[in-house]
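Hi everyone, thanks for making time for this. I'd like to walk you through one protein structure today, so let's get it up on the screen.

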Amino acid sequence: MIPYGRQAIDAEDVEAVIATLTSDFLTQGPQVPGFERAVCEATGAGHAVAVNSATSALHIACLALGVGPGDLVWTSPISFAASANCARYCGADVDFVDIDRESFNMSPAALEEKLEAAARIGRLPKLVIPVHLCGLPCEMEAIAALAKRYGFKILEDASHAIGARYRDMPVGACAHSDIAVFSFHPVKIVTTGEGGVAATKDPELARRMGLLRSHGITRDPAEMEGELDGPWYYEQVALGLNYRMTEIQAALGLSQMRRLDQFVARRNALAERYDERLSGLPLDLPERPAGVRSSFHLYVVRLRGESVRDFHRQVFEALRERGIGVNLHYIPIYRHPYYRDLGFRPGHCPEAERYYERAISIPLYHGMTEDQQDRVVTALGEVLS
């Protein structure tokens, strides 16, 4: 089976992990801050807070931005559930903004229409979470202009997008947002096994997130309310969580970050090769808008036609029978039982429904060979014929 995604581990990665395992630190040593600096260097962010998953990063980002009970958070329906769950962890209400038909990302036009309606009833979002699906950056300038007009904060879910660029700037520089979150899950471009980072240019947000990831505990006298009883003294000044990244994870991530440009270049080369070889098939291929570079975490094709629901499943199953590990990213979040119980129903976002009926993620990863890619193309041709 050719998987849809796979980590790329080399001898230097293994050596970095072994060196950490035989060092004095397995947690809270030099590797975590080293990894954070590497993310800052790659993205242009002033600050990076490493945690044990991107879900944790989204959670502490919401908390740092003041999201709480009674607040409203909007995100994309086509994403992993964590993009919405992070707001629910804070007690906030969630709603979804429909996607653009070609980019699969949050539609600025749909966002503006929804904001206009929300303003009329006095129920605007406190936070909007655009998702850079597949590694393709959202139209952040347009979203940021709406944020300025309507007064909401922006948290970029850039879990797919380390190494991507928007308007000649790296995703994560936070030129048009307050915080950006990256994932380092094994199928992502760079991996720490499990792990995430929240990047920001705001030192106060970074301070809050750093406090929240480690129980809300500080050893900094400037943040304490009492007198130091001795060199052992620390204080819990907030209700934080245990979201720390280990030294082992950070050592792997730091080693991997040295090959970020290589990883993204190879993924783009494979995507261009797919573009060429799939162009004659009845498929809609990923958009390549001007002024952005996708990191191509995923390569999603869509079946053409107005009535493809049954055919969609047939194509998916036929490809898996031929050893092609296709997947579907994602089921609209509001269709899950948890969100149905909150009152959402199928059809809430029409373009998201259209996407769900047609989308198939085909294999794409750094170590994929051209022979494997040709097998995928051949199988797609056989099934669609």
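Which residues of the largest nonpolar core touch the most other members? Keep in mind as we look that this is a predicted model. Okay, here's the reply: F96, L155, I179 and V181 touch the most other members, in a core of 49 residues. Quite a few elements feed into this core. Those that each supply at least two residues are β1, α3, α4, β3, β4, β8, α7 and α12. Helix α3 gives the most, with seven residues.

Let's stay with V181 for a second. Leaving out residues up to four places away in sequence, V181 touches A54, A57, L58 and A61, among others. Its contacts also include L155, which we just met, as well as E156, D157, A158 and S159. V197 and A198 are on the list too.

There's also a second, separate core, made of 29 residues. Among them are Y274, F316, Y365 and L384.

Now a loop. Find S76, which is in the loop between β2 and α4. Is S76 buried or exposed? S76 counts as buried, because its relative accessibility is 1%, and the cut-off for buried is under 20%. So what does S76 touch, once we skip residues up to four places away in sequence? The contacts are F96, V97, I99, M106, I129, V131 and I333. Notice F96 there, one of the residues that touch the most other members of the largest core. And here's a fun one about distance: A64 is twelve residues from S76 in sequence, and their C-alpha atoms are 21 Å apart in space.

Next, a little sheet. We have an open sheet of three strands in the order β12-β14-β15, with antiparallel pairing. β12 and β15 are the edge strands, each pairing on one side only. Strand β14, residues 299-303, pairs with β12 over two bridges, and four bridges join β14 to β15. If you want to trace that by residue, D284 stands opposite R302. On the β15 side, R302 has A359 as its bridge partner, while V301 is partnered with I360.

How many of the residues of β14 are buried? Five of its five. A quick reminder from class: side chains in a regular strand alternate between the two faces of the sheet. Here both faces of β14 are covered. Y299, V301 and L303 are buried on one side, and V300 and R302 are buried on the other.

Let's move on to helix α8, residues 247-257. Ten of its eleven residues are buried, so α8 is largely enclosed by the rest of the structure. The buried ones include E247 and Q249, along with A250, A251 and L252. What covers the buried residues of α8? The cover includes α1, α2 and α9.

Last stop, the surface. I9, V14 and I18 form a nonpolar patch there, and together they have about 250 Å² of accessible area. V14 is in helix α1, residues 11-21, and α1 is one of the helices that help cover α8. V14 counts as partly exposed because its relative accessible area is 41%, and partly exposed runs between the 20% and 50% cut-offs.

That's my tour. Thanks for listening!

Conventions: Residues numbered from 1 in each chain as written. Predicted model: local features only at pLDDT ≥ 70, side-chain atom pairs only at ≥ 80, totals over all residues. Heavy atoms only, no water. Patch = residues over 30% accessible without salt bridge, like charges linked within 9 Å, V, L, I, M, F, W, Y side chains within 5 Å. Areas by Shrake-Rupley, 256 points an atom, 1.4 Å probe, with all protein chains shown as cover. Salt bridge = Lys/Arg side-chain N within 4 Å of Asp/Glu carboxyl O. Buried < 20%, exposed > 50% of the residue type's maximum accessible area, 1.4 Å probe, protein only. Pairing = 2+ DSSP bridges. Core = buried A, V, L, I, M, F, W, Y, C linked by side-chain atoms within 4.5 Å. Contact = heavy atoms within 4.5 Å.
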